[in-house]
Structure formats: C-alpha cells, structure tokens
Amino acid sequence: VSSFAERPKLPDNYTRDTWQKLHEAVGAIQSSVSIKYNLEELYQAVENLCSYKVSATLYKQLRQVCEDHVKAQILQFREYPFLVHRNDSLDSLLFLKKINKCWQDHCRQMIMIRSIFLFLDRTYVLQNSMLPSIWDMGLELFRNHVISDKQVQNKTIDGILLLIERERNGEAVDRSLLRSLLSMLSDLQQVYKESFEQRFLEETNCLYAAEGQRLMQEREVPEYLHHVNKRLEEEGDRVITYLDHSTQKPLIACVEKQLLGEHLSAILQKGLDNLLDENRISDLTQTYQLFSRVKGGQQILLQHWSEYIKNFGTTIVVNPEKDKDMVQELLDFKDKVDHIIEVCFQKNEKFINLMKESFETFINKRPNKPAELIAKYVDSKLRAGNKEATDEELERILDKIMIIFRFIHGKDVFEAFYKKDLAKRLLVGKSASVDAEKSMLSKLKHECGAAFTSKLEGMFKDMELSKDVMVQFKQYMQNQSDPGNIDLTVNILTMGYWPTYTPMEVHLNSEMIKLQEVFKTFYLGKHSGRKLQWQTTLGHAVLKAEFKEGKKEFQVSLFQTLVLLMFNEGDEFSFEEIKMATGVEDSELRRTLQSLACGKARVLIKNPKGKDVEDGDKFIFNGDFKHKLFRIKINQIQMKETVEEQVSTTERVFQDRQYQIDAAIVRIMKMRKTLGHNLLVSELYNQLKFPVKPGDLKKRIESLIDRDYMERDKDNPNQYHYVA
C-alpha cells in the first residue's frame, strides 16, 4: 500500500475539466434541464477534488455560480409590469405566486446542488466554522439579492397582509400560498420578525379596535361575546395553519385587548343583569371564560355580580307587599346563584365568598322582618298537614333555610318567633314529625350554640315529662271515690322556657274547678314549693253533642267550650249574657262566637245574621246542624296570630336585648374596672350577637350610670369607672 505522500499528482487539466463538468451540472439544475452526467459520477468528482486540497476554490466557485443565478432572478420582479398598482388584489396575488415559485425553485435547486456537493459540505465547510453550509449560503444569497430588495419586500408583505385581511373579512384564500411565503420569511431569519410581524400586529390592532367599537354599538351582549370567541378561535387557527408560532402570544393578546379589555365595563353594564335575570347559563359560562382571559376581567365581573345580587335581593326583602313569598323567593334566588356559580363560574371561591357577603348585606337592610318570616316559614314546613314533602325533602328544605338563616344578624328575633310557633305545634299536637323537629333543633344548636337552643330543648323536655305525670295522674284518679266524667290532660310548662302568655281569668263550671283542685293536690303533693298558674288561653277540649241528625263530637278551645256548655241550660242567649256567664274578655269572646256562628261549622245561629259579632246579638242553638264528619274541629280563631301579638313578640325581643346589653356592659366593666368609651363600645360589638346602633349603647351606658353601676371620670367624661 503506497503511503499518503506518494499519491500520484493530478494531471494539470483535471481540476479545470472536473469543475467544468460540475459547473455544467449546476447550470442544468438551475435551468431545470436534465443533467448529462450521472449523479454518482459527480459526487465522486467532488470527493476527488476535496482530497486534492482544492476545497476552498471549489466552495468559492460554487458560491459564485449560485450568486450569479440568484442575482438574475431579481430582474423578473424589477420588470414586473404591475408594480405601480399597489392595491390591485389580482395583480398582488399574481406577484405572490411568482415570488413563491421563485422561492420554491430556489429550495428545490439548492437541495439537489447540496446532494452533489455533499462531501464538500461535510468536510471542508464543517471544519471552517465561519463558513455557512451550502443550504445556509443559498438562503443568505436569496435574502440579500431578492427579499432585501425594498420594492420586492414591500410588495410581498403588502400582498400577504392583503390576503389575511380578505380572509378575516370572510373570503376564502389560498392558505398554502400564505404558509409557504411566511415560512420563507421565517427561514430568511429576522425578515419575518422585523418586516412582517410588526406590521401584521399593527394592522390587527387597528382592525379589532374599530370592530370592537362598531359591534359593541350594534350587537347585544351574547352575540358580541359569541363573535369575540369566534375571532379568538380564527386567530388561533391562523397561527396553527400559516403564521409562525412565536406570533401566537402577541396576536391573541391584541384580540383580547381590543375586543374585550377595552369594553369590560360596557359589556357588563349593557348585558349582565339581563343574562342573570333570564338565567342564560351558556352565555354566562362564555362571559366568565372570556373575562378570565383578560387582566382585571374577573375582578370587574365580581363587582357586577355582587351588585346584581344586592339589588335583586333587596327587591325581595324590602317590599312589605311581598312578605308572604319572601322566604320562598330567597330560597329560589339562592338556588339560582348557586347553580350559576357551579356551572358557569367553575365553583370559583371568590364568587362564592362575595355571593355570601352580598346576601348578608341585602338581607339585613330590613331589620327583624326576614328573621321573623324565616321562623314562620319553618313553622309552615314543620306543622302537621304539610303533606307536600317527604322526610328527605323536608330535611333538604331545612338545610337550605339554615343557609339563609346564617346571613341574618338579629338571630334573637328568629328565636322569639320560632319559640312561639314551636309552642303552638307542641301544645296543639300539630307537629308533623318529632324527628324533623329534633333535626331542626340540632341544626340551630350547631349554628348558634347550646345557649341559643336550651329553652327550645326545655320545651320538648316539658312535653315528655308531662306525659309521665299524666300516667301517674290517671292511676291517682282511679283511686278517687268520685273520679268524675271528664278526662283531664295537663301539660306542665316551665315558665322560663315557654313564650310569655297573658293569663286570663274566666268562669269555669264547677266540675272543671273541682278537677283542677284534684290535680293541684296531686301535683303539689309530689312537688312541694311549686306554683301552678292555669293558662286558659291554651286549653282545649272534646265535647259530645246531640242533634236531630244524631251524635257528633267537637274539637274546640276552652273558650268555645264554655260558650257551648251554656246551651245545656237554655236555647238562646244574648252576647251580654254569654259575656257575663263565661267571663271571657270582650274581643276574645267576639272571635269565639264568630267561629261558632259565622264559620263553616255553624253550631249556633246568630241573630241578626252578619259576619261580625255586635252588642245585643242573640245566639240560638242550631238543632238542625248537619256535617259529613263525626268529629269536627272548629278552628280557634284565637290561634291566628294577630298584629298585636306580632308586635309584642318583637318588643319582647328588644326588651331582652336591653338586658343583654346591660349585662355585657357590667361584665366588661367589672373585669376592666376603668375603660374609655370607644374601647367599651368596640368590646360590646365583639360580644353582642345582634346588630346595635351606637346611640342605643350610649343610652344603656347612661342608664347604668343613673343606676350607679358605673360612673364617669371627673376629669375625662369619655372615661368610665366600675362601681363595686
């Protein structure tokens, strides 16, 4: 094997002849005619030349040939006849196709040339880091001689922008042409960024700024948002199809800013209330999604959301004419906003918390009434005869009510009315289910603490203890010599637990009085030192009666009982006679007679006829009384809540609040001994569970100073001292 140094010298003309051959082949490729030599032979020739150290010359010669060819290309564009008519879109399209063909030809030619000169590319060029590869050299030449020509570049970019504008206006355009030209600009480094992208984004900005202004005027909000969505999708698709990926961020940001960011407030003012009123779920979802894309979008949506809840909620709460439906409307409204948060606002915590704050704000705009109505609503659900709900449904309703209850500040008002209604349910045996009652109690206990429910629990305890007492009383009666023919049931109520009832003295008949005494003896014998006070307003009885049609039984109040028993002694009595005999208070008696003579079951006949009971009216026993039932309940009108009763319940709550404020002030002063006015007030706000005005606190402080529980500092009237 001969060594490297002894390689025979090349014939002098070998280099020249070989280059001639290669030059001819490159020329053929550039003119798109077939090459005379086979490629293998050409490839080998390049390898031979490289082995004989003429690589540098070969590279220079190849570059020169390529440069001459590329330079020649510019002439066809310079002489391009339409360059004058800049806006003629047909001409522009022809120009783009021509430049695209020129580029495609260039790429195809450079690939073939590179494959022939591959050995040069992989040895000499690779070892010289300063030299561009054959492909990159081709790009550089094309950039320098074709695309850097100002006229050609402007014409190309104008044409591309015109095509994109037409596509945005809804026309179909040649997207593969766009893709090819834009990837040409990307391949030619920096031309895309510096010359195309900047202008493209400016034009996009102007287009969408104008479009946003125009469409906000012309379209309703849902259609407008739908359009914005469509535009965002289209631009996203443009990036995927023909724009460079690096354009995506600035492009989408530009659309978002001009179509959304500039109009956030206007969109919500124009359309949000409407979408919420009509519960337009898909439009609300779209609003949330679009607003979440823009800086500050969610924040402004939150504000409008809160305003809507407060305004809508206030209309439910403040109008006294809507009181009878208030609670149901609150529950429905809460369901609606919950659903919107869950489905449209992706359970976003901020929207949930603000909704709660907004509910709390509007529900307390009208003090006390919502609390009272919630208590009555619960009463209507827990009362027997509420057949509309199964146990599970009832439980669900109570849970929902508790959520509304949570927003209320004056929970003591609720407690007072709840207690009053609970008493009625328990005493008249009207409770739908003990389980539901107990469940509600445990919810209240969980929400407000044991102190809140201790009296209510005491009421249940009383009812259970009374049952045991009655079992013992029945046995006690069996051992009496004369048990009488009235079957007496007594509920023993602990005074502090139950609502306050005004005792009313009435004239019971002798048999009843005797029974009362028997019970008193029995009960006090077991519990000495206790005091019994009979509550006649709460008593009721079952009476047996005989009419021409036969026997009936009546379920009636004690007052109704006293009136009806008189008709055992005679058939007709005047109002005054009845009043005299029964001792029932005037307005109470009028209501009682109304229920017996003017209601559905008329056991008595009033003379003269009429709805109201007047002085001098006569009442006659109705012997012809007929009714399809054997046992008839005659509704006690006294069980209806009167306005006075309502007012007195509320007043009792206020009275109770005064005591609580007094107690809290004394407690704080006793602990601190000396305290400034402002500190005392803020400490009170922390401790009191109901809303109070500073003026009310001031009055209570004055009252305690008057009663010598505390005193003002002699030098500083805003400082108080505890008086031990």
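**Exercise 1.** Where does K347 lie, in terms of the helices or strands around it?

*Solution.* K347 sits in the loop between α16 (326-343) and α17 (349-363). Here helices (H or I, at least four residues) and strands (E, at least two) are DSSP runs, numbered from the N terminus. The model is predicted: local features need pLDDT of at least 70, side-chain atom pairs count only at pLDDT 80 or more, and totals for chains, interfaces and linings use all residues. Residues are numbered from 1 along each chain as its sequence is written, and side-chain values use heavy atoms, with hydrogens and water left out.

**Exercise 2.** Describe the backbone and the accessibility of K347 and N279.

*Solution.* Step 1, the general case. Most residues other than glycine have a negative phi, and most peptide bonds are trans.

Step 2, K347. Its phi is positive, about 55°, although K347 is not a glycine. With a relative accessible area of 53%, K347 is exposed. The classes are buried for under 20% relative accessible area, exposed for over 50%, and partly exposed in between (1.4 Å probe, protein chains only).

Step 3, N279. This residue is placed in the loop between α13 (264-277) and α14. N279 also has a positive phi, near 55°, and is a residue other than glycine. Its relative accessible area of 32% makes N279 partly exposed.

**Exercise 3.** Find the cis peptide bond that involves P608, and place P608 in the fold.

*Solution.* The cis bond joins N607 and P608, with omega about -5°. P608 belongs to the loop between β4 (604-607) and β5 (618-621).

**Exercise 4.** Characterise the packing of α8 against α9.

*Solution.* Step 1, geometry. Two packed helices are described by the angle between their axes and the distance between the axes. The axes of α8 (residues 150-168) and α9 (residues 175-187) come within 11 Å and cross at roughly 140°. Axes are lines fitted to C-alpha atoms, for helices over the stretch in contact, and angles run from 0 to 180 degrees between N-to-C directions.

Step 2, class. α8 and α9 are therefore oblique to each other. The scheme takes angles under 35 degrees as roughly parallel, over 145 as roughly antiparallel, 65 to 115 as roughly perpendicular and the rest as oblique.

Step 3, hand. The crossing of α8 and α9 is left-handed. A crossing is left-handed if the near helix is turned anticlockwise from the far one by less than a right angle, and right-handed if clockwise.

Step 4, residues. T156, I157, I160, L163, I164 and E167 of α8 meet R175, L177, L178, L181, L182, M184 and L185 of α9. The contact residues comprise 10 nonpolar, 1 polar and 2 charged. Contact means heavy atoms within 4.5 Å. Ala, Val, Leu, Ile, Met, Phe, Trp, Tyr, Cys and Pro count as nonpolar, Asp, Glu, Lys and Arg as charged, and the others, Gly among them, as polar.

**Exercise 5.** Characterise the packing of α8 against α10, then examine Q153 and L161.

*Solution.* Step 1, geometry. α8 and α10 (residues 191-218) pack at about 35°, with axes 11 Å apart. The crossing of α8 and α10 is right-handed.

Step 2, residues. On the α8 side, the contact includes Q153, I157 and L161; on the α10 side, V191, S195 and F196 are among the residues met. The residues of this contact divide into 9 nonpolar, 3 polar and 4 charged.

Step 3, Q153. This α8 residue is buried, at 9% relative accessible area. Leaving aside residues up to four places away in sequence, Q153 touches I147, S148, V191 and S195. Its side chain makes a polar contact with the side chain of S195 (3.1 Å). A polar contact is a pair of N or O atoms within 3.5 Å; within protein, one must be able to donate a hydrogen and the other to accept it, and residues adjacent in sequence count only if both atoms are side-chain atoms.

Step 4, L161. Also found in α8, L161 is buried at 5% relative accessibility. Residues up to four places away in sequence not counted, L161 touches F196, R199, F200 and E203.

**Exercise 6.** Is R700 buried or exposed, and which side chain does the side chain of R700 contact through polar atoms?

*Solution.* R700, in α29 (residues 694-706), is buried, with a relative accessible area of 16%. The side chain of R700 makes a polar contact with that of Q658 (3.2 Å).
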